[in-house]
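Let's walk through this model together, starting at its surface and then following the chain. Please keep the viewer open as you read.

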Amino acid sequence: MLLLLLLLFKGLPCHGASTVAPLLLGFRHPASEEPLSFRFVQISSFANHSCAHIQASGWLGDVQTHVLDSVSGTIRFLRPWSQGTFSKQELKNLEALLLLYLHSFNKEVQAFASQFQFEYPFELQVLAGCQMHAGKASESFLNGAYQGSDFLSFQGNSWKPSPGAGSRAQNVCKVLNHYRIIKEIVQSLLSDICPRFLAGLLEAGKSELEQQVKPEAWVSKGPSPGPGRLLLVCHVSGFHPKPVWVMWMRGERKQPGTRRGDILPNADGTWYLRVTLEVASGEAAGLTCRVKHSSLGGHDIIIHWDGNSIFLMLICLTIIVTLVLLVVVDSWFRKQSSNQNILSLHVPNPAFSTRVNIQDPRNSGHQLCLAQEFWIKNRFLKNWKTSLKQLW
């Protein structure tokens, strides 16, 4: 296994950290103040000595870019630019190396489970990757957890137990540090290949990552927190990228009781945030919700809380507009009906009307169409009036 790992790894060209830094420092995501990172996430669940399940995925910041297909045993690329700028051969070798690792990981853990005192059922998590800061070189990381608690990490060129992990973690690190080839491969993957892959993803996905979508904001009243109290809710949705600033304000003063929820994803790749403020009923007037986002170009969204429901105001406005339209339509129909009555006075008697219809079929068809049109219009108007009465 060690020989196969080494052969696969040699298929990946390593250029050294000095050639990677310029690539990373040349690109800065304009909307992100946080470090940009590529993360490999692995979760292995062990039910017993013969049954294990593994999940793995790749993430560029908050965007999932890769996932392990457990059915086909292959890596799926979730974005058109998920391959970055690596060549096909580089990707082939990297994928083979990763799949070999994932396939062997569970077997090796089960083989050493008794020696490491792992008690079934248990779960192991691995988080590895690299990140870049503006104006600084990249940093790499690899951390392992046992049952959700920090267990070990890879630092420099060796494995080290996490503080408080106990003798179990010390024994695992002692065994892992015996494999010099594996340590060299891990170190190169973290310090060279990961930063180059991160730089390639940023370059290939630049247009999508730099996409700016303006947020929409509205305010509403939440469940009553108690007698004489109000819960004001500011909703901000549909924005991209993720970083956003939302605060309840009175004039230019931030309200210290503002509570910010988690930023949640929408189905279209944008984000949603809910920010609340609890106040006394008499103190709500004059408050505003202010939203700052990179897509707004410095023009903040300011939503005023006036104690009234904006939704009800919109309903009232809609009803008023509908009433005006009904009056205009009704007046027009009445005018048309009056014109029809005036025309009918020129017909002297039914016999003459019958004779005219017989002699001129086109005139008969026109009269029938006018009658049908008049009946349809009257019925349409009645339906509108009935709907309006039900609305009131």
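Which residues make a nonpolar surface patch of about 270 Å²? The patch is made by Ile320, Val324 and Val328. Patches here are built from residues with over 30% relative accessible area and no salt bridge, with like charges joined within 9 Å and nonpolar side chains (Val, Leu, Ile, Met, Phe, Trp, Tyr) within 5 Å. Accessible areas come from the Shrake-Rupley method with a 1.4 Å probe, and for residues only the protein chains shown count as cover. A salt bridge puts a side-chain nitrogen of Lys or Arg within 4 Å of a carboxyl oxygen of Asp or Glu. Ile320 sits in helix α7, residues 310–344. Residues three or four places apart in an α-helix point the same way, because there are 3.6 residues a turn.

A word on what you are viewing: this is a predicted model, in which local features need pLDDT of at least 70 and side-chain atom pairs count only at pLDDT 80 or more, while totals for chains, interfaces and linings use all residues. Residues are numbered from 1 along each chain as its sequence is written, and side-chain values use heavy atoms, with hydrogens and water left out.

Now turn to helix α3, residues 88–116 (helices are DSSP runs of H or I, at least four residues; strands are runs of E, at least two; both are numbered from the N terminus). Its 29 residues should span 42 Å at 1.5 Å a residue (1.5 Å times one less than the number of residues), and the end C-alpha atoms, 39 Å apart, agree with this. Even so, α3 has a kink of about 35° centred on glutamine 110, the bend being the angle between axes fitted to the seven residues ending there and the seven starting there. Helix α5, residues 180–204, has a kink of about 40° centred on leucine 189. Its end C-alpha atoms are 35 Å apart, in agreement with the 36 Å expected for 25 residues.

Next come some backbone exceptions. Most residues other than glycine have a negative phi, and most peptide bonds are trans. Just after α3, glutamine 117 has a positive phi of about 60°. The loop between α3 and β5 that holds glutamine 117 also contains proline 121, and the peptide bond from tyrosine 120 to proline 121 is cis, with omega near -15°. Another cis bond runs from histidine 240 to proline 241, with omega near 5°.

Finally, confidence: the chain averages a pLDDT (the predictor's confidence in each residue, from 0 to 100) of 81, and 72% of the residues score at least 70. Over residues 16–32 the pLDDT is below 50. Where pLDDT is low, the predicted coordinates should not be read in detail.

Technical notes. Contact means heavy atoms within 4.5 Å.
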